[in-house]
Amino acid sequence: MTPVSIIAPAKLNLFLHINHQRADGYHELETLFTFLDFGDELTFTLINEKEIILCGDISDIPQQDNLIYKAALALQPYKNTPLGINIKLIKKLPMGGGVGGGSSDAATTLLTLNYLWQCDLSIAELAKIGLNLGADVPVFIHGKTAIAQGVGEELTSINLPKKWYCVVFPNVHISTAEIFTHPELPRNTPKLSEDWKLADTSNDCEALVKKLNCEVEKTLLWLLKYGPSRMTGTGACCFVELDSQIAAQRVLNSLPSCWHGFVAPNTTISPAHTQLENWLK
Ligand SMILES: C[C@@](CO)(OP(=O)(O)O)[C@H](O)COP(=O)(O)OP(=O)(O)OC[C@H]1O[C@@H](n2ccc(N)nc2=O)[C@H](O)[C@@H]1O
Ligand SMILES: Nc1ncnc2c1ncn2[C@@H]1O[C@H](COP(=O)(O)OP(=O)(O)O)[C@@H](O)[C@H]1O
């Protein structure tokens, strides 16, 4: 079978408010997700053996813990197909960076295998399977810029103006679980008002992550020279929003050599959905 390559795009949380902690330990939150036209690349090739084979940039994580493998495994019971899959990963998104790399990999795997294995599940069914893999997976399955509530699965689509982002990764790994279980995490931000404005929002995890990790604080301060900077998710990645590619590229060109970064525009529709639709035409 001809291999098919699909992107697993990055996401940014343009804001992240934590409203309260639920009885099950997860947090009710409100966040604005936007996708970026930059991400991991997954190449899928059907194989005759009923196996899930991962290859490429997968050394950091044991196969059974890889969200790509877990997504393929979760989909197998939905179709009694004799076919397996070989999935090659080209990693471009930092792990534990707050840009959703693992969740996006899982979502692209569910969306693509739904076609290749002819499971014919609906987006809602795929999102339900995805939620078991991570709170961030449903937004990648739906594939539209959205305000998320609940743990991240209650989505309201929203259109945003096109902007360019310089995203900086200060080479530190932040555990999402560590931040969400930390006693100093604020957990009482009220729900958005009807006439909310982005300028009045924030990332409730930022102060704690800055306190725990000076590299994140340095990154946010450095980015402030170019515009309002903000951390995405539970970090460590931070970003600055600009009006043009030239302006964003200028920030990246000035980046201290100890940090990594990339420049990308936001997209209202996930690039994974766009690529899948083009492939199916
Ligand atoms: C914080 C956010 C914001 O978009 O993104 P990241 O910073 O991870 O990118 C997400 O809510 C993360 O989603 P995801 O990365 O899939 O986290 P999960 O694997 O589901 O959860 C990891 C841990 O974070 C905590 N968690 C996560 C989401 C949530 N709404 N409440 C929580 O308390 C739980 O302790 C959970 O065990
Ligand atoms: N294919 C994968 N890519 C990235 N992280 C993965 C993958 N599979 C499992 N993980 C685990 O998931 C965690 C991060 O998940 P992810 O959704 O990328 O959150 P974040 O937005 O914080 O990066 C990583 O710390 C890593 O341990």
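**Two ligands and their surroundings**

Let me begin with ligand 1, which has 18 residues around it, and of these Lys11, His27, Ala135, Asp136 and Thr234 come nearest. Before I go further, please keep in mind that what we are looking at is a predicted model, and that every value I give today is computed from it.

Which side chains make polar contacts with oxygen atoms of ligand 1? One of them is Lys11, with a polar side-chain atom that lies 2.9 Å from an oxygen atom of the ligand. Asn13 has an N or O atom in its side chain 3.0 Å from an oxygen atom of ligand 1, and for the side chain of Asp136 the distance from an N or O atom to a ligand oxygen is 2.9 Å. As for how much of the ligand is covered, ligand 1 on its own has 680 Å² of accessible area, and the protein covers 83% of that.

Where does ligand 1 sit in the protein? It is placed in the largest pocket, and the elements that each give two or more residues to the shell around it are strand S1, running over 4–21, strand S2, over 27–47, and helix H5, over 176–180. If we step back to the level of domains, domain 1 (4–159) and domain 2 (164–267) each supply at least three residues to the shell around ligand 1. Sorted by class, the residues of that shell come out as 7 nonpolar, 9 polar and 2 charged.

Now let me turn to ligand 2, which is surrounded by 18 residues, with Leu67, Lys91, Gly100, Gly102 and Ser103 the closest. In the side chain of Asn66, an N or O atom is 3.0 Å from a nitrogen atom of ligand 2. The backbone takes part as well, since a backbone N or O atom of Gly98 lies 3.3 Å from an oxygen atom of ligand 2, and a polar backbone atom of Gly101 is 3.0 Å from an oxygen atom of this ligand. Taken on its own, ligand 2 has 540 Å² of accessible area, of which the protein covers 82%.

The space that ligand 2 takes is the largest pocket, and here the elements that give two or more residues to the shell are helix H1 (67–75) and helix H2 (101–116). Which element gives the most to the shell around ligand 2? That is H2, with 4 residues. By class, the shell around ligand 2 holds 5 nonpolar, 10 polar and 3 charged residues.

I would like to finish with two details of the backbone, and for these a piece of background is useful: most peptide bonds are trans, and most residues other than glycine have a negative phi. Is the peptide bond from Gly235 to Ala236 cis or trans? In this model that bond is cis, with omega near 15 degrees, and Ala236 itself lies in the loop between strand S8 (229–231) and strand S9 (238–242). The other detail concerns Gln118, a residue other than glycine whose phi is positive, near 55 degrees. Gln118 has its place in the loop between H2 and helix H3 (123–131), and H2, as you may recall, is the helix that gives 4 residues to the shell around ligand 2.

Terms used:
Residues are numbered from 1 along each chain as its sequence is written. Chains are lettered from A and ligands numbered from 1 in the order in which they are written. This is a predicted model: local features need pLDDT of at least 70, side-chain atom pairs count only at pLDDT 80 or more; totals for chains, interfaces and linings use all residues. Side-chain values use heavy atoms; hydrogens and water are left out. A residue is near a molecule or strand if one of its heavy atoms lies within 4 Å of it. A polar contact is a pair of N or O atoms within 3.5 Å; within protein, one must be able to donate a hydrogen and the other to accept it, and residues adjacent in sequence count only if both atoms are side-chain atoms. Accessible areas come from the Shrake-Rupley method with a 1.4 Å probe; for residues, only the protein chains shown count as cover. On a 1 Å grid over the protein atoms alone, a cavity is a set of points where a 1.4 Å probe fits but cannot get out, and a pocket is an open set with protein on both sides within 12 Å along at least five of seven lines; lining residues have an atom within 4 Å of a point. A molecule sits in a cavity or pocket if more than half of its atoms lie within 2 Å of its grid points. Ala, Val, Leu, Ile, Met, Phe, Trp, Tyr, Cys and Pro count as nonpolar, Asp, Glu, Lys and Arg as charged, and the others, Gly among them, as polar. Domain bounds come from an automatic or database domain assignment.
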